[in-house]
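The following report describes the packing, the sheets and selected residues of one protein model. It is intended to be read beside the sequence and the coordinates.

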Amino acid sequence: MASMDVFNSSAFSMTSLTGAVEKTDYKPQLLGELGIFEPMPVRTRTVFVDEREGTLSLIPSSPTGAPPEELVKDSRRAVPLQTTRLAKGFTLYAEEVQGIRQYGSETELMQVQSEYLRRMARVTDDMELTHEFHRLGALQGKLLDADGSTVIYNYFTEFGVSEAAAIDFALTTDGTDVRGKCHAVTRAMARSSKGAFTSQTTVHALVGDTFYDNLISHPNVEKTFQNWAAAADLRENTAFGAFTFGGITWHNYRGTDDNSSVAIAANEAKFFPVGANGVFKKAMAPAEFGPFVNTAGQNTYAINVLDRDRQAWTRGEQYSYPLYFCQRPAVLRKAVGNT
């Protein structure tokens with residue numbers, strides 16, 4: 001008989017479920033795979049980002065015996081940010097598993113568990129997608145809520161910098177010096193980084209479909225590759241692929257299938273550094289439940305809530321308390337394929 005009592009076992013405890021969710025197969029997501037967001041487990045909901053403005057200046061010559069020029073103290077301020085709260089769950093009723101037909105050698109009990117885990121996996125998929133959405137927003141300097149319009153944080157405003165205007169790559173014009181525009185982007189980002197760029201830093205771009213197609217088919221880009229073995233790669237079907245040109249690695253970003261919920265606009269490119277010091281961070285706050293209060297935050301938490309009086313239902317829930325942020329938004333750049 002189908003019994004909800006199985007969910008009283010230690011395998012469905014809050015700690016065990018959280019561990020199981022952490023071990024769920026990772027869903028392919030480009031920004032997660034690039035690993036640009038440095039994890040920062042915290043024990044509170046509020047994160048303070050110390051901002052210090054230090055500038056280099058030339059020292060004027062002075063006569064012997066004159067007092068040395070006085071060092072100007074760095075200006076410093078703390079920018080407070082709040083972690084977000086992501087939560088989603090489902091209710092599995094005992095009546096829903098009534099009379100489930102057995103398959104093969106599976107027991108009825110295992111099928112109850114399988115249905116529970118199937119639904120938990122769907123919640124995990126949604127949670128992972130939301131994390132990717134938050135990463136994509138922070139990478140552009142604006143963390144948006146799920147509706148795609150409500151701004152949770154505008155990091156340009158929070159850190160007091162102006163967002164750079166979009167660069168026109170003019171990809172529909174045959175004579176455009178595409179390589180020169182790439183160099184201009186890289187130089188501008190490096191100069192705005194205030195020392196965050198290192199010798200290992202590389203510039204990457206997420207680009208929409210139209211931008212990517214016009215880029216790889218531009219005469220000056222094709223000319224560069226025509227005598228290389230890599231030219232064959234460009235002639236193949238490179239949809240949702242990546243290649244390096246002009247010192248920038250270009251990714252044809254594949255978002256959600258509707259090409260709007262999590263996506264890059266068709267004619268746009270978003271530039272960001274990989275391997276730069278302290279540009280992107282991911283704060284993780286602890287869950288609001290007893291076993292996790294005042295502990296270092298984890299990526300995701302899962303709990304099971306059981307109807308102990310009647311065993312009529314059980315609820316599976318997942319929670320996450322991340323904050324993806326860019327603490328050096330001045331380095332970010334964007335472009336359009338043509339205006």
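## Strand β14 and its sheet

T314 is buried, its relative accessible area being 0%; buried means under 20% relative accessible area, exposed over 50%, and partly exposed in between, with a 1.4 Å probe and protein chains only. The model is predicted, so local features need pLDDT of at least 70 and side-chain atom pairs count only at pLDDT 80 or more, whereas totals for chains, interfaces and linings use all residues. Residues are numbered from 1 along each chain as its sequence is written, and side-chain values use heavy atoms, with hydrogens and water left out.

T314 belongs to strand β14, residues 313-320. Strands (E, at least two residues) and helices (H or I, at least four) are DSSP runs numbered from the N terminus. The side chain of T314 makes a polar contact with that of N304, at 2.7 Å. Such a contact is a pair of N or O atoms within 3.5 Å; within protein, one must be able to donate a hydrogen and the other to accept it, and residues adjacent in sequence count only if both atoms are side-chain atoms.

Strand β14 takes part in an open sheet of 3 strands, ordered β4-β14-β13 with antiparallel pairing. Its edge strands, each pairing on one side only, are β4 (86-93) and β13 (301-306). On average, neighbouring strands of this sheet are turned by 15° against each other, direction ignored. Two strands count as paired if DSSP finds at least two bridges between them; β4 and β14 are joined in the antiparallel sense over 8 bridges. Y93 has W313 of β14 as its bridge partner.

## The mixed sheet and helix α6

A further open sheet contains 6 strands in the order β7-β16-β11-β8-β10-β9, and its pairing is mixed. The edges are formed by β7 (167-168) and β9 (242-245), each of which pairs on one side only. Within this sheet, β8 (residues 202-207) and β10 (residues 248-252) pair in the parallel sense over 5 bridges, and V203 stands opposite I248 in β10.

Helix α6 lies across β8, β9, β10, β11 (268-274) and β16 (333-336), and runs at about 130° to β10. Axes are lines fitted to C-alpha atoms, for helices over the stretch in contact, with angles from 0 to 180 degrees between N-to-C directions. In α6 (residues 209-216), the buried residues are F211, Y212, L215 and I216. Viewed down the helix axis, the buried residues of α6 fall within an arc of 115°, so they line one face; the arc is that of the directions from the helix axis to the C-beta atoms.

## Nonpolar cores

A nonpolar core is a set of buried Ala, Val, Leu, Ile, Met, Phe, Trp, Tyr and Cys residues joined through side-chain atoms within 4.5 Å. The largest has 65 residues, and Y155, F169, F211, F243, W250 and F271 make the most contacts inside it. Apart from this core lies another of 8 residues, including V97, Y116, M120 and V123.

## Residues with positive phi

Most residues other than glycine have a negative phi. Two non-glycine residues with positive values are tabulated here.

| Residue | Phi | Loop | Relative accessible area |
|---|---|---|---|
| A170 | near 45° | between β7 and α5 (178-192) | 16%, buried |
| Q311 | near 55° | between β13 and β14 | 30%, partly exposed |

Conventions:
Contact means heavy atoms within 4.5 Å.
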